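Ready to practise reading a protein model? Take your time with the sequence and the 3D view, and try each task before you look at its solution.

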Amino acid sequence: MLRADRLCVWIMILGLILLVPSYNYVKFNDELCSMLFLCVASLDCIVNRNWRRYRLLFAIIGVMTFYAIYTLAFKNYNTPRYVLVDWIIEIKPYIPFAVIFAIRPSVTSAEKQVIKAICIVDSVVVTLLLACGETIVAAAVGHVTYIGLTLFTCSMLYLYCSVKDDGSISRRDMAVALVMLTVGLGSTRSKYYAIYVLSLFFLLAYRPGMLRSMSLGKSMAVMAVVIAVIAVSWSKFDYYYISGGTGKFDRSVAESFARPVLYATSALIFAGQFPFGSGLASFASFASKQNYSGLYAEYGIDHVHGLSEDTGFFICDAFFPSLAQFGVAGLFLFMAFWVYAYSFLRRMIRIEGVMSRYEVAIGILLILHIMIECTSGNTFTQPSGMIVMCLLGFICGKGAGLKVPEKECIIPQNLELKKI
């Protein structure tokens, strides 16, 4: 019998080993791992006859294929070759989650030790790169952002592999993970500051069910976290979306920045190309940059610095605007996917309660991390995003596999039955 569960774990370990080199050198890491996950699912269906458990995977493939056919049939913003390229890019982050979620593999003690060791090695490597300065960072990983992405990903994996059978984590393992997270502040990204504050809250203060009954103290604590997140990320939000660094709103300045233009144009596409959007390889995606999409000229943004054919380095600078390719229908499906994933975290809380505290906290942080990164980055479709989706698949898969304990029905012995 094919041991699909063990293959899933070791494919993720392979992706983790190649994580740091993947940013600048082994750039096919996430595509390779997604393809291997798809091969495992195919073999599991053929050899083990486990077709039914891959319903989510088949649904995702079906939706993406529908959009590819829709694009080829009704849209002409790009060529079939680049429509296929975008189909691969858009589907690849969902494959690891869907396959692991279906198989629900458990990680053995030995595998957990291997993963923790790799996380420590990766964290030490990127920490040394950070200490060496920007030139070395650029040569090794391309951009300092990837330092923070690596440290966050490794800290979450390290914590997940440190959870004991009773749901606790030793102080030593928690300290190691917090050190990883703290070193990531050296990436100097506002996005990282925000997820760092949220991580401290969920790892140190969060308790399952604490938000159901909000006392004054809990309300103030949550408000403090929200204010802290806004405070640490406001300067970049203000710079990119409001003032443009001038200290006051200036429409001409704001429109000269590619990111606000991307968001504004995506809103126009949502409204004007209802309900299925502009199609694959048309807007704010890597494929639409590699083979310049005709949509940019149609919406009059082909001369914006950073979005033009000659200076298109900001075209795929944020993931959320690319959802305009899928329209309102695709946006709804994207939101439904994350609600669906979160539902299994809630299931863990209902069934296991405090025992699931850290696994649920990690799962919530992974979702928040993706949402924050999607505002001004493409982490979701990059190697670190693939590792995050693998880990989320492990956690949600466990939640899906939990069974609600049957309530014991106690019949009083002194109950007298009346004759009718």
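Below are five exercises on this predicted model, each with a worked solution.

**Exercise 1. The cavity**

Task: Find which residues line the largest cavity, and work out which helix gives the most to the lining.

Solution:
- Step 1. Start with the count: there is one cavity of 30 Å³ or more. The largest cavity holds about 80 Å³ of space.
- Step 2. List the lining. It consists of Thr 145, Gly 148, Leu 149, Phe 152, Ser 187, Arg 189, Lys 191, Tyr 192, Ile 195, His 369, Ile 372 and Glu 373.
- Step 3. Look for the elements behind these residues. Helix H9 (145-160), helix H11 (190-204) and helix H18 (357-375) each give two or more residues to the lining. With four residues, H9 gives the most.
- Step 4. Sort the lining residues by character. Five are nonpolar, four are polar and three are charged.

**Exercise 2. A nonpolar patch and a nearby loop residue**

Task: Name the residues that make the nonpolar surface patch, then decide whether Ile 46 is buried or exposed.

Solution:
- Step 1. Leu 43, Ile 46, Val 47, Trp 51 and Phe 58 make a nonpolar patch of about 500 Å² on the surface.
- Step 2. Ask which helix gives the most to the patch: helix H3 (residues 29-47) does, with three residues. Ile 46 sits in helix H3.
- Step 3. Use the cut-off: a residue is exposed when its relative accessible area is over 50%. Ile 46 has 53% relative accessibility, so Ile 46 is exposed.
- Step 4. Move along to Arg 49, in the loop between H3 and helix H4 (55-74). Arg 49 has 63% relative accessibility, so Arg 49 is exposed too. The phi of Arg 49 is positive, near 60 degrees, in a residue other than glycine.

**Exercise 3. Salt bridges**

Task: Work out what the partners of Arg 53 and Lys 116 are, and say whether each residue in these pairs is buried, partly exposed or exposed.

Solution:
- Step 1. Recall the idea: side chains of opposite charge can pair when their charged atoms come close. The whole structure has 12 salt bridges.
- Step 2. Take Arg 53. Its partner is Asp 44, and the closest N and O atoms are 2.5 Å apart. Buried means under 20% relative accessible area. Asp 44, at 0%, is therefore buried, while Arg 53, at 33%, is partly exposed.
- Step 3. Take Lys 116. Its salt bridge is with Asp 173, with the closest N and O atoms 3.4 Å apart. Lys 116 belongs to helix H7 (residues 109-132) and Asp 173 to helix H10 (residues 171-183), so this pair ties together parts that are 57 residues apart in sequence.
- Step 4. Apply the cut-off again. Lys 116 has a relative accessible area of 10%, so Lys 116 is buried. Asp 173 has 8%, so Asp 173 is buried as well.
- Step 5. Check Asp 173 for another partner. Arg 172 forms a salt bridge with Asp 173, the closest N and O atoms being 3.4 Å apart. Arg 172 has a relative accessible area of 58%, so Arg 172 is exposed.
- Step 6. Finish with a network: Arg 3, Asp 5, Arg 6 and Glu 111 are joined by salt bridges that share partners.

**Exercise 4. Distance in sequence and in space**

Task: For the pairs Trp 87 with Leu 280 and Ala 139 with Leu 129, find how far apart the C-alpha atoms are.

Solution:
- Step 1. Trp 87 and Leu 280 are 193 residues apart along the chain, and their C-alpha atoms are separated by 6.9 Å.
- Step 2. Trp 87 is in helix H5 (residues 80-91). Its relative accessibility is 23%, so Trp 87 counts as partly exposed.
- Step 3. Ala 139 and Leu 129 are 10 residues apart in sequence, with 9.7 Å from C-alpha to C-alpha.
- Step 4. Ala 139 is in helix H8 (residues 134-140). With a relative accessible area of 43%, Ala 139 is partly exposed.

**Exercise 5. A loop with special backbone angles**

Task: In the loop between H14 and H15, decide whether the peptide bond from Phe 274 to Pro 275 is cis or trans, and whether Ala 281 is buried or exposed.

Solution:
- Step 1. Locate Pro 275 in the loop between helix H14 (258-272) and helix H15 (286-290).
- Step 2. Read omega for the bond from Phe 274 to Pro 275: omega is near 0 degrees, and the bond is cis.
- Step 3. Turn to Ala 281, which is also placed in the loop between H14 and H15. Ala 281 is not a glycine, yet its phi is positive, about 60 degrees.
- Step 4. Ala 281 has a relative accessible area of 0%, so Ala 281 is buried.

Methods
Residues are numbered from 1 along each chain as its sequence is written. This is a predicted model: local features need pLDDT of at least 70, side-chain atom pairs count only at pLDDT 80 or more; totals for chains, interfaces and linings use all residues. Side-chain values use heavy atoms; hydrogens and water are left out. On a 1 Å grid over the protein atoms alone, a cavity is a set of points where a 1.4 Å probe fits but cannot get out, and a pocket is an open set with protein on both sides within 12 Å along at least five of seven lines; lining residues have an atom within 4 Å of a point. Grid points are joined across faces, edges and corners, and a volume is the space filled by probe spheres set on the points. Ala, Val, Leu, Ile, Met, Phe, Trp, Tyr, Cys and Pro count as nonpolar, Asp, Glu, Lys and Arg as charged, and the others, Gly among them, as polar. Patches are made of residues with over 30% relative accessible area and no salt bridge: like charges are joined within 9 Å, nonpolar side chains (Val, Leu, Ile, Met, Phe, Trp, Tyr) within 5 Å. Accessible areas come from the Shrake-Rupley method with a 1.4 Å probe; for residues, only the protein chains shown count as cover. A salt bridge is a side-chain nitrogen of Lys or Arg within 4 Å of a carboxyl oxygen of Asp or Glu. Buried means under 20% relative accessible area, exposed over 50%, partly exposed in between (1.4 Å probe, protein chains only).
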